[in-house]
Amino acid sequence: MKKAVKFVNSLSKELRQKVANVIALILAREFETLDLKKIQGEIFLYRVRVGKIRILFIMDQEMIEIIDVGWRTDNTYK
């Protein structure tokens, strides 16, 4: 999670605000307006797109945990 916080803090103010808003929606379980997709082959892993930024998180019935926030690359989902 430290890596994700460091990445978000390195973004421009505008992008940082967008990512913060999306994370707030994820934690509130308000997925209607988000570009949400379940990661293939994983049970509880999901991603949300914010432009070229990806937010990976684990979600089950009881909790949501942000795993990573970073730029979309060829190795993002490996």
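Which glycine takes a positive phi in the hairpin of β2 and β3? Keep that question in mind while we walk through the model; the tour will reach the spot.

**Before you click**

This is a predicted model: local features need pLDDT of at least 70, side-chain atom pairs count only at pLDDT 80 or more, and totals for chains, interfaces and linings use all residues. Residues are numbered from 1 along each chain as its sequence is written, and side-chain values use heavy atoms, with hydrogens and water left out.

**Stop 1: the whole chain**

Start in cartoon view, where the protein chain shows two helices and four strands, in the order α-α-β-β-β-β along the sequence. Here helices (H or I, at least four residues) and strands (E, at least two) are DSSP runs, numbered from the N terminus. The radius of gyration, taken over C-alpha atoms, is compared with a globule rule of 2.2 Å times the number of residues to the power 0.38. The protein chain has a radius of 12 Å, close to the 12 Å that the rule gives for 78 residues, so it is as compact as a globular protein of that length. Its C-alpha trace spans about 30 × 30 × 25 Å along the principal axes.

Now colour by accessibility: buried means under 20% relative accessible area, exposed over 50%, and partly exposed in between (1.4 Å probe, protein chains only). Buried residues account for 35% of the 78 residues.

**Stop 2: helix α1**

Select residues 2–10, which form α1, and show the side chains of A4, F7 and V8, which are buried. Looking down the axis of α1, you will find its buried residues within an arc of 95 degrees, so they line one face of the helix; the arc is that of the directions from the helix axis to the C-beta atoms. An α-helix has 3.6 residues a turn, so residues three or four places apart point the same way. Turn to the face away from the buried side and you meet the exposed residues K2, K6, N9 and S10.

Next, add α2 (13–27), β3 (53–59) and β4 (64–71): the buried residues of α1 pack against these elements. Contact here means heavy atoms within 4.5 Å.

**Stop 3: the sheet**

Hide the helices for a moment. What is left to follow is an open sheet of four strands in the order β1-β2-β3-β4, with antiparallel pairing; two strands pair if DSSP finds at least two bridges between them. At the edges stand β1 (36–38) and β4, each with a single partner strand, so one side of each is left without a neighbour in the sheet. On average, neighbouring strands are turned by 25 degrees against each other, direction ignored.

Select β1 together with β2 (residues 45–50): three bridges join these antiparallel strands, and K37 stands opposite R47 in β2. Bring α1 back and it packs on the sheet, touching β3 and β4, with its direction at about 50 degrees to that of β4. Axes are lines fitted to C-alpha atoms, for helices over the stretch in contact, and angles run from 0 to 180 degrees between N-to-C directions.

Colour β2 by burial: five of its six residues are buried, so β2 is largely enclosed by the rest of the structure.

**Stop 4: the two hairpins**

The hairpin of β1 and β2 has six residues between the strands, and G41 in the turn has a positive phi of about 85 degrees. Moving on, six bridges join β2 to β3, again running antiparallel, and L45 stands opposite I58 in β3. Here is the answer to the opening question: with two residues between β2 and β3, it is G51 that takes a positive phi, near 65 degrees.

**Stop 5: the rings**

Show Phe, Tyr and Trp (its six-membered ring), which pair if their centres lie within 6.5 Å; planes under 30 degrees apart count as stacked, over 60 as edge-to-face and the rest as tilted. The count comes to three aromatic pairs. In one of them, the rings of F7 and W71 have centres 5.6 Å apart and planes at 85 degrees, so the pair is edge-to-face. F7 lies in helix α1 and W71 in strand β4, so the pair ties together parts that are 64 residues apart in sequence. F7 counts as buried at 14% relative accessibility, while W71 at 44% counts as partly exposed.

Now centre on F31 and F57: their ring centres are 6.4 Å apart and their planes at 10 degrees, so the pair is stacked. F31 sits in the loop between α2 and β1, and F57 in strand β3, 26 residues apart. Both entries are buried, F31 with a relative accessible area of 18% and F57 with 0%. Finish by adding Y46, which forms one aromatic cluster with F31 and F57.
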